[in-house]
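Thanks, everyone, for making time this morning. I would like to walk through one model with you, so please have the sequence and the viewer open as I go.

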Amino acid sequence: MLKPTESRLESEPAAARKSVPSRRAKPQQASTKLFVLDTNVLMHDPTSLFRFEEHDVFLPIMTLEELDNHKSGISEIARNARQASRFLDEIVSHAPAPIAEGIPLKRHDADNASGRLYLQTEAINGHLPANLPIGKTDNHIIGVVIFLQKRYADRQVILVSKDINMRIKAHALGLLAEDYYNDKVLEDTDLLYTGVRELPPDFWDEHGRDVESWKKEGRAYYRVRGPLCDKLLLNEFVYQEGERPLLAMVREISEPTAVLETVRDYTHARNNVWGITARNREQNFALNLLMDPEIDFVTLLGQAGTGKTLLTLAAGLMQTLETKHYSEIIMTRVTVPVGEDIGFLPGTEEEKMTPWMGALEDNLDVLNKTDDEAGEWGRAATRDLIRSKIKIKSLNFMRGRTFINKYLILDEAQNLTPKQMKTLITRAGPGTKVVCLGNIAQIDTPYLTEGSSGLTYVVDRMKGWSHSGHVTLQRGERSRLADHAAEAL
């Protein structure tokens, strides 16, 4: 797996890299390539200029024109276009030599970029095949790539674009073209951390020779030694089935030992959370994270019907109304429609968000079921009390806010970008717990993939921190119809 600070584009073997003719005073390294950036790469990640390690970057004049056309507005794309322009201004204004010779991309010692930035300083026309229209921006950039490939015949010139059709056209013309991979946390989401690990059958034979065990506050603790301890992460759940089943959580890691703490059994009715009990092993693990006051950040992944929202709300109500650990529940989600937008919505911020919060209302209907003896008045009073403790907020007004002693739920978090996710999580003040829910197989935001989603990003980056936990819920508990549809359709 490549880290975000690394370049996927340098992973090719050295034999595939060709020598480079120089237009500079100093000779170039034989292994460097020349990457031509499409505008959508800069608008997707303004820092992409500095992500190509020792390789050089070329910007066609049409890329700068498109960047200028998209800089107005308050959208994420406009912000990124403005930031990319600032970076370019900073680089060009400190150029030690003429622009045609290339400008060093390295701004300071912490930068990994050691290549040079080249801007188009001459007219490039007449290099496109006759069947491609000249006036189109994409075709003009392809024409630049063809020109550079002819000029530097013994150097790899590669077009980098987020536009699939543009890459297909480039390949059809015999050009090298690649997607921008640097924003992807993982190439294969099957490698994403699940938070749950099954122990091998011989675990106790290899790790139980010098085992220490003790009890504290009704929990059993085991200090084990062995080769698996190096692979475990803090707050990771481990289990073993058989005659002596074990459900535990990794509480401490100190090489070469690890401390396992048995989890609380939320499948039993006596440990119910607001009337809800866990129906499977992963739900049990999730409730252990949600009910632990020492865990400040929880991520729950899972397909539709695995119980993410219900478990989170039940734990939130229990800790807000019963134990008074939090003052209120704040729930928000990304407002990306699945179909056509229905237009403007009337009312206050909360009223505008209500149509997006159908999942909240559905789950509150389940949680509102109280004892039949309470009667209609009792149920109505409980419903009003619960509703008064839940606030619905829009993501648009989150910047600059600080939430103190709140239980913050980010629903449908797979539709957030890594930058938006960082903005929201850093709203947490003292005593606040943040819970992110989502299904990375249901991404509605344009240009966001399973590998580049903000939810994938935080799961990967926050794993192993002593105050965060993650569980991927595997089994659906909605209905047999929903389970079958999730598998068959």
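The second largest pocket holds about 650 Å³ of space, and I should say at once that this is a predicted model, so that everything I quote is computed from it. Which residues lie nearest the centre of that pocket? They are Gly305, Gly307, Leu310, Asn363 and Arg478, out of a lining of 24 residues. If we sort the lining by class, we find six nonpolar, 11 polar and seven charged residues. Two helices are worth highlighting in your viewer here, namely α8 (308–322) and α10 (358–367), since each of them supplies at least two residues of the lining.

Let me turn to the sheets. There is an open sheet of six strands, with mixed pairing, and its order is β3-β4-β2-β1-β5-β6. The edge strands are β3 (103–104) and β6 (176–178), each of which pairs on one side only. For β3, the partner is β4 (residues 116–119), and the two run antiparallel with two bridges between them; Pro104 sits opposite Arg116 of β4. Towards the other edge, helix α5 (residues 164–172) lies across β5 (157–160) and β6, and runs at about 160° to β6.

Further along the chain, β10 (residues 237–240) and β11 (residues 246–254) are antiparallel and are joined by four bridges, with Tyr239 having Leu247 in β11 as its bridge partner. These two strands form a hairpin with five residues between them, and in the turn Gly242 has a positive phi of about 135°. Strand β11 then goes on, through two residues, into a second hairpin with β12. That pairing, with β12 covering residues 257–262, is again antiparallel and has six bridges, and within it Met249 stands opposite Glu261.

Finally, the aromatic residues: the structure holds eight aromatic pairs. Why is the pair of Trp204 and Tyr222 edge-to-face? The ring centres are 5.8 Å apart and the planes stand at 70°, and because planes over 60 degrees apart count as edge-to-face, the pair falls in that class. Trp204 belongs to helix α6 (residues 203–207) and Tyr222 to strand β9 (residues 219–225), so the pair ties together parts that are 18 residues apart in sequence.

That is what I wanted to show, and I am happy to go back to any of these regions.

Terms used:
Residues are numbered from 1 along each chain as its sequence is written. This is a predicted model: local features need pLDDT of at least 70, side-chain atom pairs count only at pLDDT 80 or more; totals for chains, interfaces and linings use all residues. Side-chain values use heavy atoms; hydrogens and water are left out. Two strands pair if DSSP finds at least two bridges between them. Contact means heavy atoms within 4.5 Å. Axes are lines fitted to C-alpha atoms, for helices over the stretch in contact, and angles run from 0 to 180 degrees between N-to-C directions. On a 1 Å grid over the protein atoms alone, a cavity is a set of points where a 1.4 Å probe fits but cannot get out, and a pocket is an open set with protein on both sides within 12 Å along at least five of seven lines; lining residues have an atom within 4 Å of a point. Grid points are joined across faces, edges and corners, and a volume is the space filled by probe spheres set on the points. Ala, Val, Leu, Ile, Met, Phe, Trp, Tyr, Cys and Pro count as nonpolar, Asp, Glu, Lys and Arg as charged, and the others, Gly among them, as polar. Rings of Phe, Tyr and Trp (its six-membered ring) pair if their centres lie within 6.5 Å; planes under 30 degrees apart count as stacked, over 60 as edge-to-face and the rest as tilted.
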